[in-house]
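Visitor: I'm new to protein structures. Could you walk me through how to read a sheet, a pocket and a cavity?

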Amino acid sequence: MAVTKKFYGTMPDGQPVDCYTLTNGNGTSASFLTLGALWITMLVKDKEGNFGDVVLGYDTLENNLKNPPHLGAPIGRNANRIGGARFTLNGKTYELFKNSSGVNNLHSAPDLYHNRIWDAVEEETALGSRVTFSLFSPDGDQGYPGNADIAITYTLTEDDSLMIRYRMTADADTIANFTNHSYFNLAGHDCKDILDQEVWIDADYYTPADAGSIPTGVLDPVAGTAMDFTSLKPIGQDIDSDFPAVVQGKGFDHNWVLNHPAGELSLCAKAVDHKSGRVMEVYTDLPGMQFYTANGLKGDVPGKGGAVYGPRQAYCFETQYFPDAVNKPQFPSPVLKAGKEYDTTTVYKFLTE
């Protein structure tokens, strides 16, 4: 087990950016920046024992600052969308920036957390090497109430699991709904096609959405539809289906309602690349997960090694409270009460067949 720290670059305002790399006894490693607590590399073995980087990312500070698709980014205070870019809490309405479909808020833009410098503390633990990034978010930041203290801890274990623990406290009732927006390709970050890779999702329902990707508020069964991943199937099998949700998303881009009991850290999804033999399991204690097949990737910012990242070249497993949950009382609530702690864990575990 080891943690190494290296200088990565200098921000336009002169602030230094460091890169922390966690390595375990298997040689598996993961790297993160103090810029945005970004997850920029994940080196894991294939079935032949060869290492490959399975997360999309950038080589330079300049491109990490651009990062239009949020590669490797923690998203907060609220991940995904809020309808009408507003919500009411304790009788007061809060207005947010409209950056999605002209009327909704997406990923708490502007002034994204992944464009800010976070403090970092490294340590060795019984679980494995660990780095914790922390950030203070003042009252009114991004439009949300309450002064908030945020911490994101990445731990690389000896069984090749990357554990992400999110914590937040605030001095006023507010929203806490974090995710990680890493894009995975188990064949390697620079491989073009994920359609033959297979996915399983432990969800019997999903949240259908309107044209602006805001959930309607009902839960629809996946059975008999393109949205059914209850058995492992190739991503490409139904990605061009005429099923309305798939047509709307130009591929998969919806929230699945996970089957596990509320608050229980459980296996909720799996991805398999038979060619490399790599497998990734996803565990979370959150109620939902956005499965997104990178339909909107444009290749406009060069990736690592000059890679061009285009549509359907990767996929995201964004664990979360459901989109627009703050405006849907029938959904599990993302509201964090003043003085209480938001504390949730998601695990990405890497294996071979």
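**Reading sheets and hollow spaces**

Guide: Let's begin with a hollow space. By class, the second largest cavity has a lining of six nonpolar, one polar and two charged residues. Keep in mind that this is a predicted model.

Visitor: Which residues line that second largest cavity?

Guide: You'll find Tyr58, Pro69, Leu71, Leu297, Lys298, Gly299, Asp300, Val301 and Tyr309 around it. Its volume is about 50 Å³.

Visitor: How many cavities of 30 Å³ or more does the structure hold?

Guide: Two. The idea of a cavity is that a probe fits inside but cannot get out. Here the largest cavity has a volume of about 80 Å³.

Visitor: What classes of residue make up the lining of the largest cavity?

Guide: Three are nonpolar, seven polar and two charged. Among the lining residues are Asn80, Arg81, Thr207, Gln248 and Pro323. Strand E21 supplies the largest share, three residues.

Visitor: And how do I read a pocket?

Guide: A pocket, unlike a cavity, is an open set of points. The largest pocket in this model has a volume of about 660 Å³, and 27 residues line it.

Visitor: Which residues lie nearest the centre of the largest pocket?

Guide: Look for Arg81, Leu106, Asp253, Tyr292 and Gly296. Then check which elements give two or more residues to the lining: helix H2 (244-249), strand E21 (253-258) and strand E24 (288-292). Arg81 and Asp253 also appear in the lining of the largest cavity.

Visitor: How many polar residues does the lining of the largest pocket have?

Guide: There are 14 polar residues, along with seven nonpolar and six charged ones.

Visitor: Now the sheet. What is the order of its strands?

Guide: To read a sheet, follow which strand pairs with which. This one is an open sheet of five strands, in the order E1-E2-E3-E4-E5, and the pairing is antiparallel.

Visitor: Why is one side of strand E1 and of strand E5 left without a neighbour in the sheet?

Guide: Strand E1 (2-10) and strand E5 (51-53) stand at the edges, and each has a single partner strand, so one side of each has no neighbour there. As for the angle, neighbouring strands of this sheet are turned by 15° against each other on average, ignoring direction.

Visitor: How many bridges join strand E4 to E5?

Guide: Three bridges link E5 to strand E4 (residues 39-45), and the two strands run antiparallel. To spot one facing pair, find Leu43, which stands opposite Asp53 in E5.

Methods:
Residues are numbered from 1 along each chain as its sequence is written. This is a predicted model: local features need pLDDT of at least 70, side-chain atom pairs count only at pLDDT 80 or more; totals for chains, interfaces and linings use all residues. Side-chain values use heavy atoms; hydrogens and water are left out. Two strands pair if DSSP finds at least two bridges between them. Helices (H or I, at least four residues) and strands (E, at least two) are DSSP runs, numbered from the N terminus. Axes are lines fitted to C-alpha atoms, for helices over the stretch in contact, and angles run from 0 to 180 degrees between N-to-C directions. On a 1 Å grid over the protein atoms alone, a cavity is a set of points where a 1.4 Å probe fits but cannot get out, and a pocket is an open set with protein on both sides within 12 Å along at least five of seven lines; lining residues have an atom within 4 Å of a point. Grid points are joined across faces, edges and corners, and a volume is the space filled by probe spheres set on the points. Ala, Val, Leu, Ile, Met, Phe, Trp, Tyr, Cys and Pro count as nonpolar, Asp, Glu, Lys and Arg as charged, and the others, Gly among them, as polar.
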